[in-house]
Amino acid sequence: MYDIIIIGSGPAGLTAAIYASRAGLRAVVVEKDTMGAGQISVTEQVDNYPGLPHIGGYELGEAFREHAQGMGAGFCENEVEAIAADAAGFHLAMTDGTALSGKSVIYAAGTSYRRLSVPGSQLPGVSYCATCDGAFYAGKTVAVIGGGDTALEDALYLSHIAKQVYLVHRRDTFRANASLQAAAAQTENITPVLCAVPTEVVGEKRVEALKLLRNEKEETLVLDGIFAAIGSIPNTDLLKGLADLDASGYVIAGEDGLTSRPGLFAAGDVRTKPLRQVVTAVADGANCVASAEKYLLGMVMK
Ligand code: NAP
């Protein structure tokens, strides 16, 4: 039986692995993706991680992973199908039929892209990852849908590749941070299309146009590709019935990672928190190990 099973190998999970290894705990990271490092791997550039300005997201993820491996962290490439809890601890059933047990669990499974759900949104040419698919649109016209940090970062990234980037947002103000808004406003080939609600993706074999409802009128943008950046959904299905989730499905947990289930800790983007960034994810990973250590020692927890 492990002391800690860490579920997820993004920045939060990998940091938990580093801290658990340093603390001499018997820990394992269960990861769905081979040699994963979470969504940070598909982020082009990270400008706000202290001490490492302008580092590539992939490079940062790899550095986290190498650090965890170098500390001796163990990894198990498998997908968790179910988690059961009893007096002994937590019992994980994997999709390949194997099982793992641990006295505690640090849940750091991250989030998944929210999918666009209008007619035609399954057509080829609708993407959720600008850094993965952007290169296909050199000299072409694309739309980014959304008004958050991801949408504006994607629009800026694509502005270096595509001829024209429409930034389609359903309200008249963006929720992205001010520096991203300023950068987008100064970029000639980014055109904001505000108060515009996507209603249909049009195309025969692949994306040809995006229909919008704008000020109660229908408009059509003719384009080659669509990048939807409309937020994320927490990967918390496994925790239903095991720990309290908020109305949006995030695990209710404070900075110490404590959930409503003793011995189960939540770290990173899955947790209720005001700021979802790499720097807060890594802090969560460290805090969860500190909380788990107290739990394993039988110290009183709230
Ligand atoms: P987000 O902040 O939740 O923004 C999602 C955007 O999509 C919102 O503008 C929302 O509109 C819009 N939207 C949602 N559903 C929609 C729909 N069905 N149709 C059209 N538009 C829709 O998501 P995010 O940008 O991915 O960011 C997630 C978290 O990661 C945030 O905490 C963010 O700060 C963080 N993040 C940080 C960085 C960074 O610091 N560099 C980079 C990326 C992400 P409304 O505004 O009207 O709700």
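These legends accompany several close-up views of a predicted model.

**View 1. Asp 3 in strand E1 and the residues around it.**
Let us begin close to the start of the chain, with Asp 3, which is found in strand E1 (residues 2-7). Is Asp 3 buried or exposed? With a relative accessible area of 14%, Asp 3 is buried. Its side chain makes a polar contact with the side chain of Lys 103, at 3.3 Å. Setting aside neighbours within four places in sequence, Asp 3 is in contact with Leu 25, Arg 26, Lys 103, Ser 104 and Leu 296. Gly 89 is 86 residues from Asp 3 in sequence, yet the two C-alpha atoms are 9.3 Å apart in space.

**View 2. The second largest pocket and its lining.**
Here we turn to an open space of about 170 Å³, the second largest pocket. Which helices each supply at least two residues of its lining? They are helix H1 (11-22), helix H2 (57-70) and helix H6 (278-296). H2 gives the most, with 4 residues. If you would like to find the lining in the model, look for Thr 15, Ile 18, Tyr 19, Tyr 49, Leu 60, Ala 63, Phe 64, His 67, Val 282, Ala 283 and Ala 286. By kind, the lining residues divide into 9 nonpolar and 2 polar, with no charged ones.

**View 3. Two neighbouring loop residues, Asn 215 and Glu 216, with positive phi.**
Most residues other than glycine have a negative phi. Asn 215, although not a glycine, has a positive phi of about 50°. Glu 216 also has a positive value, with phi near 65°. Where does Asn 215 lie? Asn 215 is in the loop between strand E15 (209-214) and strand E16 (217-222), and Glu 216 has its place in the loop between E15 and E16 too. Asn 215 is exposed, with a relative accessible area of 62%. Glu 216 likewise counts as exposed, at 78% relative accessibility.

**View 4. Thr 187 in the loop between helix H5 and strand E13.**
This loop runs between helix H5 (178-185) and strand E13 (190-193). Thr 187 counts as buried because its relative accessibility is 19%, and the cut-off for buried is under 20%. What does the side chain of Thr 187 reach at 2.7 Å? The partner is the backbone oxygen of Ala 183. Leaving out neighbours within four places in sequence, Thr 187 is in contact with Leu 156 and Ser 159.

**View 5. Aromatic pairs, with two of them shown close up.**
A pair of aromatic rings is described by the distance of the centres and the angle of the planes. The count for this model comes to 4 aromatic pairs. One of them joins Tyr 113 and Tyr 128: the ring centres are 6.1 Å apart and the planes lie at 25°, so the pair is stacked. Tyr 113 lies in strand E9 (residues 111-113) and Tyr 128 in the loop between strand E10 (126-127) and helix H3 (130-133), so this pair ties together parts 15 residues apart in sequence. Tyr 113 is partly exposed at 30% relative accessibility, whereas Tyr 128 is buried at 12%.

Phe 265 and Tyr 295 also have ring centres 6.1 Å apart, but with planes at 75°, so this pair is edge-to-face. Phe 265 lies in strand E19 (residues 264-266) and Tyr 295 in helix H6, so the pair ties together parts that are 30 residues apart in sequence. Phe 265 is buried, with a relative accessible area of 2%, while Tyr 295 is partly exposed at 29%.

Conventions. Residues numbered from 1 in each chain as written. Predicted model: local features only at pLDDT ≥ 70, side-chain atom pairs only at ≥ 80, totals over all residues. Heavy atoms only, no water. Buried < 20%, exposed > 50% of the residue type's maximum accessible area, 1.4 Å probe, protein only. Contact = heavy atoms within 4.5 Å. Polar contact = N/O pair within 3.5 Å; in protein donor to acceptor, adjacent residues only side chain to side chain. 1 Å grid on protein atoms, 1.4 Å probe; cavity = no way out; pocket = protein on both sides within 12 Å on 5 of 7 lines; lining within 4 Å. Points joined across faces, edges and corners; volume = space filled by probe spheres on them. Nonpolar A, V, L, I, M, F, W, Y, C, P; charged D, E, K, R; others polar. Phe/Tyr/Trp six-rings, centres within 6.5 Å; stacked < 30°, edge-to-face > 60°.
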